[in-house]
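Colleague: I should like to request a close look at one part of this model, explained for a student in the first year.

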Amino acid sequence: MSERPLVPMRGTGDVRRAVATVPLGAGSDARRSKPAAFAAGAVIGALGGLIGLGGAEFRLPLLIGAFRFAALQAVILNKAMSLVVVASALPFRAAAVPPAAVAAHWSIILNLLAGSLFGAWFGAGWATRVGSHALHRVIASLLVVIAVVLLVGDGAAGSGALLTGTAQAAAGVAAGFVIGVVAALLGVAGGELLIPTLVLLFGVDLKLAGSLSLAVSLPTMTVGFARYSLDRSFAVLGQNRGFALMMVAGSIVGSLVGGLMLGWVPSAVLLPMLATILVASAAKVWRQK
């Protein structure tokens, strides 16, 4: 009996997922060394620490551009690292914002989660089906959006809730869905979108908003992570476990350093600089093949 001829897989999504399961070559291993991962993580963590974020917005373009991961692989790695980095921030914030204060705003948390959990599942599922070129374009566009939000959202002040009642609840679900999609597509915690939403839509104090954003982002990230685990590209975590752990360690160290440097760098200089970095990174990701 003759063997059945091999039939090429159809669709860019199938090809990309198949390539993602191929072990890394020697050249890639050299470029993705553990010292390089730690150093890159430290720089990214410092940038994130300066603005009170996990730094995943800066990590993703680096994973794609400098370390040459495919778009979907980079998103999955970024999501895994973001989960660890953001979870490590909880003990540090507990002293400034007691857990009881966060729990007292459970209705806001549930309101946003009602949209963000579904958005995270939808966004992660879409990312595993779309072609690599299209995903690069989406990631680049979202990085520009994040840069704009950083600049515009900096002046947000808790002057009262923008909406109340049913309108506020509906807007919270819609905002949560969008944030969940963005968090899944970029592998980020979404704090840069959650904090302005909490301050403007719900009138929450800025310091409390930071802790509430963690309460929303951790379940949201977990759902997106679970959805990515169903895709073959998830194997990138096992293939690059040491690399990811070293970058996480560097990110945590860098975030502490960035927090200490916060008083030395004025916001008037810091935010435009970081926004510029994001836009430049977006341009580089847009040009990726």
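Colleague: At which residue does α7 bend, and by about how many degrees? Please also describe how this helix packs against its neighbours.

Modeller: The model is a predicted one. In it, α7 bends by about 35 degrees, and the bend lies at Leu 113. The helix covers residues 106-127. Its length can be checked by simple reasoning: 22 residues at 1.5 Å a residue should span 32 Å, and the end C-alpha atoms of α7 are 30 Å apart, which agrees.

Let us turn to the packing. Two packed helices are described by two quantities, the angle between their axes and the distance between the axes. For α7 and helix α11 (residues 206-228), the angle is about 30 degrees and the axes are 8 Å apart. Angles under 35 degrees count as roughly parallel, and α7 and α11 are therefore roughly parallel to each other. The crossing of α7 past α11 is right-handed. On the side of α7, the residues in contact include Leu 113, Ser 116, Leu 117 and Trp 121; among their partners in α11 are Val 216, Pro 219, Thr 220 and Tyr 228. Leu 113 thus appears both at the bend and in the contact with α11. By class, this contact of α7 with α11 comprises 15 nonpolar residues, four polar ones and one charged.

A second partner of α7 is α10, which covers residues 191-202. Here the angle is about 120 degrees, with the axes 12 Å apart, and α7 and α10 are therefore oblique to each other. The crossing of these two helices, α7 and α10, is right-handed. From α7, Ile 108, Asn 111 and Leu 112 take part, and they meet Leu 194, Thr 197, Leu 198 and Phe 202 of α10. The contact of α7 with α10 holds five nonpolar and two polar residues, and no charged ones. Leu 112 of α7 also belongs to the contact with α11.

Finally, α10 has a further neighbour, helix α9 (residues 165-186): their axes come within 11 Å and cross at roughly 170 degrees. That angle makes α9 roughly antiparallel to α10. Leu 194, Thr 197 and Phe 202 are among the α10 residues that meet α9, and these three also take part in the contact with α7.

Conventions:
Residues are numbered from 1 along each chain as its sequence is written. This is a predicted model: local features need pLDDT of at least 70, side-chain atom pairs count only at pLDDT 80 or more; totals for chains, interfaces and linings use all residues. Side-chain values use heavy atoms; hydrogens and water are left out. Axes are lines fitted to C-alpha atoms, for helices over the stretch in contact, and angles run from 0 to 180 degrees between N-to-C directions. Helices (H or I, at least four residues) and strands (E, at least two) are DSSP runs, numbered from the N terminus. Angles under 35 degrees count as roughly parallel, over 145 as roughly antiparallel, 65 to 115 as roughly perpendicular and the rest as oblique. A crossing is left-handed if the near helix is turned anticlockwise from the far one by less than a right angle, and right-handed if clockwise. Contact means heavy atoms within 4.5 Å. Ala, Val, Leu, Ile, Met, Phe, Trp, Tyr, Cys and Pro count as nonpolar, Asp, Glu, Lys and Arg as charged, and the others, Gly among them, as polar. The expected span of a helix is 1.5 Å times one less than its number of residues. The bend at a residue is the angle between axes fitted to the seven residues ending there and the seven starting there.
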